[in-house]
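Reader: Could you take me closely through a single part of this model, the pocket, and then set it against the sheet around it? I would welcome a careful, connected account.

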Amino acid sequence: MLDPDGLIRPELLERALAAMEAHARDGGSSGKLVIVDYGQHSSKKRLHVIDLATGAVSAYRAAHGMGTDKDHDGYLDGFSSLPGSQASSEGTFRFAEEYTGKHGRSFRLDGLDKTNSTSRERAIVVHAADYAEPAFLTRHGKLGRSNGCIVFSKDDLAAFANEVPAGTLIFVGK
């Protein structure tokens with residue numbers, strides 16, 4: 001049984017599993033599936049890693065893009081894949097290669113759907129930043145916003161990268 005503790009909204013889990021099946025040839029053989037629930041407030045652990053063999057789920061906080069939360073209330077209002085939008089994109093991504101960038105340890109994302117196919121062009125990646133650290137959350141009651149990237153605290157990025165191998169599918173929805 002996947003997600004025995006019911007951490008993931010059932011309708012989002014269903015959509016993510018359908019996306020995983022549709023993109024089976026594009027990755028996902030890692031034994032993991034990542035689901036990002038941007039329908040939840042940024043203060044919540046809304047990025048879920050499912051172990052497909054055991055059904056167990058681990059959860060992390062993750063920031064969303066400023067272009068999708070213009071009033072900065074901690075809730076994502078919508079998605080965009082337009083270059084320059086500074087928005088989070090929805091759909092299925094493949095967790096790709098590691099590199100060292102402006103934010104240190106980072107991971108590229110390949111957008112597999114029409115709704116996120118500009119991810120490489122837009123440099124939408126996974127990285128850590130100060131605005132996703134617990135101290136920022138304590139001070140502001142929400143995480144800061146990215147330019148559309150999936151952003152963790154430094155410790156959470158290390159744990160996530162250790163848990164999730166390259167090639168894993170990441171489903172982003174609301």
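**The largest pocket and the sheet**

Author: In this predicted model, the largest pocket has a volume of about 210 Å³. Its lining comprises 14 residues, and those closest to the centre of the pocket are K102, H103, H127, N147 and C149. By residue class, the lining divides into 5 nonpolar, 6 polar and 3 charged residues. Two strands, β4 and β6 (125-128), each supply at least two residues of that lining, which leads from the pocket to the sheet.

Strand β4 spans residues 91-101 and is joined by 7 bridges to strand β5, residues 104-111, with the two running antiparallel; within this pairing, F93 stands opposite G111 of β5. In general, the strands of a sheet pair through backbone hydrogen bonds, in either a parallel or an antiparallel arrangement. Here 8 strands make up an open sheet of mixed pairing, and their order is β3-β2-β1-β8-β4-β5-β6-β7. The edges are formed by β3 (57-60) and β7 (150-152), each of which pairs on one side only, and the twist from one strand to the next averages 30°. Helix α1, residues 10-22, packs on this sheet and touches β1 (32-37), β2 (47-51), β4 and β8 (169-173), while the direction of the helix makes about 135° with that of β1. Strand β4 therefore appears in each part of this account, since β4 supplies at least two residues of the pocket lining, is bridged to β5 and is touched by helix α1.

Technical notes
Residues are numbered from 1 along each chain as its sequence is written. This is a predicted model: local features need pLDDT of at least 70, side-chain atom pairs count only at pLDDT 80 or more; totals for chains, interfaces and linings use all residues. Side-chain values use heavy atoms; hydrogens and water are left out. Two strands pair if DSSP finds at least two bridges between them. Helices (H or I, at least four residues) and strands (E, at least two) are DSSP runs, numbered from the N terminus. Axes are lines fitted to C-alpha atoms, for helices over the stretch in contact, and angles run from 0 to 180 degrees between N-to-C directions. Contact means heavy atoms within 4.5 Å. On a 1 Å grid over the protein atoms alone, a cavity is a set of points where a 1.4 Å probe fits but cannot get out, and a pocket is an open set with protein on both sides within 12 Å along at least five of seven lines; lining residues have an atom within 4 Å of a point. Grid points are joined across faces, edges and corners, and a volume is the space filled by probe spheres set on the points. Ala, Val, Leu, Ile, Met, Phe, Trp, Tyr, Cys and Pro count as nonpolar, Asp, Glu, Lys and Arg as charged, and the others, Gly among them, as polar.
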